[in-house]
Protein chains: 2
Amino acid sequence: MATNPGHEDELGVNLSIEEARISLKEGCGHNQRIQKSSATLHGEISALEAAGRVSAALYRNSTMYTTLSPCGMCTGAILLYRIPRVVIGENVNFMGGEDLLKQNGVEVVVLDNQDCKDMMSKFIQERPEDWYEDIGEERV
Amino acid sequence: MATNPGHEDELGVNLSIEEARISLKEGCGHNQRIQKSSATLHGEISALEAAGRVSAALYRNSTMYTTLSPCGMCTGAILLYRIPRVVIGENVNFMGGEDLLKQNGVEVVVLDNQDCKDMMSKFIQERPEDWYEDIGEERV
């Protein structure tokens, strides 16, 4: 399965970077965990919610764009809806369920995008408690 | 790892049966997918949302009770928060991510509860479109 990024993938991730910037500015989200006192509104879950109740066929012709490698829950949501392709900004700051996605036939494209890496590492450094809560860890 | 149900497990699943009955009566949810036009509020996600933002330590001392074997997304949410134990009413009408849970060290207890089986099979029979949407499938 091809994993080379195309021009559209850059555009898609750029949109997810913009969403993440909005989130960061607002408090922490599109991830909206803090804004909505939510335990589940990571960026990917939030995107699925924003898309609303759509047909199974639509999911199966979709690409999920995300700034960061998806956590276990978001990986599971991608698998539930059989989204066939996931474009990931970076997986240096956090490696999520990419292996599980690939094992289930999902095409995974990792852009290793510098903006994504910078934004995430800054967030982790400045707000470690929010970050550890995001990934279900105690603050270390 | 022990997988024998105890008295508390029956009580926990009885509560989740009550929640499912409320859901069914309301329209379809605690699963609240229909009530809230949501793509992600399965019973388990809804329970995590209802619990709110709690500490990692609390999740790690929790049991998730659910009437039905959890789908891929809900399995992933259980793994994200490292919930160590899942008590499942039944897995006859749907087999979710139980293997993945066990592979990750989660204790899985399946009660094979008749009320759960009856309620779910009735729901699937009466409202197949809602059911297939729940599990990310086209109606067959």
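This dialogue walks through the interface, the salt bridges and the cavity of a predicted model.

Q: How is the size of an interface usually given, and what is the area buried between chain A and chain B?
A: The size is often given as the accessible area lost when the parts come together. Here chain A and chain B bury about 2700 Å² between them. Carbon and sulfur atoms give 52% of that area.

Q: Which three residues of chain A supply the most area against chain B?
A: Look at Ala39(A), Arg53(A) and Leu80(A). Together they supply 25% of the area that chain A buries against chain B, more than any other three residues.

Q: How many residues are in contact on each side?
A: Chain A has 32 residues in contact with 32 residues of chain B.

Q: How many salt bridges and polar contacts does the rule find across the interface?
A: Side chains of opposite charge can pair when their charged atoms come close. Six salt bridges cross between chain A and chain B. One of them joins Arg82(A) to Glu137(B), with the closest N and O atoms 2.7 Å apart. The rule also finds 19 residue pairs in polar contact across the interface, both residues at pLDDT 80 or more.

Q: Which elements of chain A give two or more residues to the side that touches chain B?
A: Four helices of chain A do: H2 (43-51), H3 (56-59), H4 (72-80) and H7 (128-134). H4(A) gives the largest share, five residues. By class, this side of chain A divides into 14 nonpolar, eight polar and 10 charged residues.

Q: How many salt bridges does the structure hold over all chains, and what does the one between Glu107(A) and Arg85(A) tie together?
A: The structure holds 20 over all chains. Glu107(A) and Arg85(A) meet at 3.1 Å, N to O. Glu107(A) lies in strand S3 (residues 107-110) and Arg85(A) in strand S2 (residues 85-90) of chain A, so the pair ties together parts that are 22 residues apart in sequence.

Q: How many cavities of 30 Å³ or more turn up, and which residues line the largest?
A: The search of the whole structure finds one. The largest cavity has a volume of about 30 Å³. From chain A, its lining takes Val54(A), Ser55(A), Ala56(A), Tyr59(A) and Tyr81(A). From chain B come Glu133(B), Gly136(B) and Glu137(B). The lining has four nonpolar, two polar and two charged residues. Glu137(B) thus appears in this lining and also in the salt bridge with Arg82(A).

Methods: Residues are numbered from 1 along each chain as its sequence is written. Chains are lettered from A and ligands numbered from 1 in the order in which they are written. This is a predicted model: local features need pLDDT of at least 70, side-chain atom pairs count only at pLDDT 80 or more; totals for chains, interfaces and linings use all residues. Side-chain values use heavy atoms; hydrogens and water are left out. Contact means heavy atoms within 4.5 Å. Buried area is the accessible area (1.4 Å probe) that two parts lose on being put together, summed over both. A salt bridge is a side-chain nitrogen of Lys or Arg within 4 Å of a carboxyl oxygen of Asp or Glu. A polar contact is a pair of N or O atoms within 3.5 Å; within protein, one must be able to donate a hydrogen and the other to accept it, and residues adjacent in sequence count only if both atoms are side-chain atoms. Ala, Val, Leu, Ile, Met, Phe, Trp, Tyr, Cys and Pro count as nonpolar, Asp, Glu, Lys and Arg as charged, and the others, Gly among them, as polar. On a 1 Å grid over the protein atoms alone, a cavity is a set of points where a 1.4 Å probe fits but cannot get out, and a pocket is an open set with protein on both sides within 12 Å along at least five of seven lines; lining residues have an atom within 4 Å of a point. Grid points are joined across faces, edges and corners, and a volume is the space filled by probe spheres set on the points.
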